[in-house]
Amino acid sequence: MNKLRNIGITSFTLHILAMVFMLLDHMWATVMTGNEWMTCVGRLAFPIFAFMIVEGYFHTKNLKKYIIRMAVFALICEIPFNLMTGGNFFYYVHQNVLFTFLAGILLIHLNELARKSGKLHLRILALIGSIAAAFVIGLVGMVDYYHAGILTVLVFYFFRGRKWWCFLGQLVFLYIINMQLLGGYGYEVELFGKNYFLTQQGLALLALIPIWLYRGKQGPYNRFIKEFYYWFYPVHMLVLVLISFLNN
């Protein structure tokens, strides 16, 4: 029993899983479009990244540098993202996911400032304001996953912890976000003689399995791994764009 309790996933493992899932999804969107299973698996990437953004906020030694670094890489990644998603250097109707995470970090900080003030009315205003801001920033700014993406980050912030109600909150609100707000394309599934419609985006809920196995341990970490986490996003998109160009 003690061995079962010690089973867990490190931050390093979560990062690698999320990057693999994201790579599969982007490969499906660019160079292997006929393999739909790849984008199904890819649905698990975003919730894991969103969860790690919240963990990053609470574990960073320098919040200012964390925010600046996220903003700089959001700008660096925009052209590779535009080339991959829109086929042009400038694609104004969709911004890369680091802008989504940047908005999430700033809204988390807003709530943390309200919490540290010790004033209940400020905490309530920050909660309501951050949810409203998530809709405005997500829809007007057209960041990746729109308002649903920023709300996913906030869900992992508001329900951070390993108590039963944290797990329940994550499950319920991720269900609402992925099945209701995002919804979209899906599959007819027959179960016990009844037909059910499962949205493809609903597969993102499976990301909670590795997330819940996380025990707060960092795992392998050094400067190279830190840089790898950040540079993987723009580099892999550029590689996929180059492969797509050579194949056409």
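In this predicted model, Y145 lies in the loop that joins helix 7 to helix 8, and its backbone carries a positive phi of about 70° although the residue is not a glycine. Most residues other than glycine have a negative phi. The side of the question that concerns solvent is settled by the relative accessible area of Y145, which is 16% and therefore places the residue under the 20% limit for a buried one. The loop between helix 7 and helix 8 (146-158) also holds M142, whose phi is near 55°, again a positive value in a residue other than glycine. Because its relative accessibility is 26%, M142 counts as partly exposed, whereas Y145 is buried.

Helix 7, which spans residues 120-141, can be followed back to its contact with helix 6, residues 97-117, where the two axes come within 8 Å and cross at roughly 170°. An angle over 145 degrees counts as roughly antiparallel, and helix 6 and helix 7 are therefore described as roughly antiparallel to each other. On the side of helix 6, the contact is made by A103, L107, L110, N111, A114, R115 and S117, which meet L122, R123, A126, L127, S130, A133, A134 and I137 of helix 7. By character, the residues of this contact divide into 10 nonpolar, 3 polar and 2 charged.

Further along the chain, strand 1 (residues 186-191) and strand 2 (residues 194-199) pair in the antiparallel sense over 6 bridges, and within this pairing E188 has F197 of strand 2 as its bridge partner. The two strands form a hairpin with 2 residues between them, and there F192 takes a positive phi near 55°.

Q200 is placed in the loop between strand 2 and helix 10 (208-212). With 12% relative accessibility, Q200 counts as buried because that value is under 20%. Leaving aside neighbours within four places in sequence, Q200 is in contact with E36, T39, C40, R43, Y185, G186 and Y187. For one of these partners, Y187, the C-alpha atom is separated from that of Q200 by 7.1 Å, with the two residues 13 apart along the chain.

C40, which appears among the contacts of Q200, is itself buried, at 15% relative accessibility, and C166 is likewise buried, with a relative accessible area of 2%. A disulfide is a covalent bond between the sulfur atoms of two cysteines, and a search of the whole structure finds 0 disulfides.

Note on methods. Residues are numbered from 1 along each chain as its sequence is written. This is a predicted model: local features need pLDDT of at least 70, side-chain atom pairs count only at pLDDT 80 or more; totals for chains, interfaces and linings use all residues. Side-chain values use heavy atoms; hydrogens and water are left out. Axes are lines fitted to C-alpha atoms, for helices over the stretch in contact, and angles run from 0 to 180 degrees between N-to-C directions. Helices (H or I, at least four residues) and strands (E, at least two) are DSSP runs, numbered from the N terminus. Angles under 35 degrees count as roughly parallel, over 145 as roughly antiparallel, 65 to 115 as roughly perpendicular and the rest as oblique. Contact means heavy atoms within 4.5 Å. Ala, Val, Leu, Ile, Met, Phe, Trp, Tyr, Cys and Pro count as nonpolar, Asp, Glu, Lys and Arg as charged, and the others, Gly among them, as polar. Two strands pair if DSSP finds at least two bridges between them. A disulfide is a pair of cysteine sulfur atoms within 2.5 Å. Buried means under 20% relative accessible area, exposed over 50%, partly exposed in between (1.4 Å probe, protein chains only).
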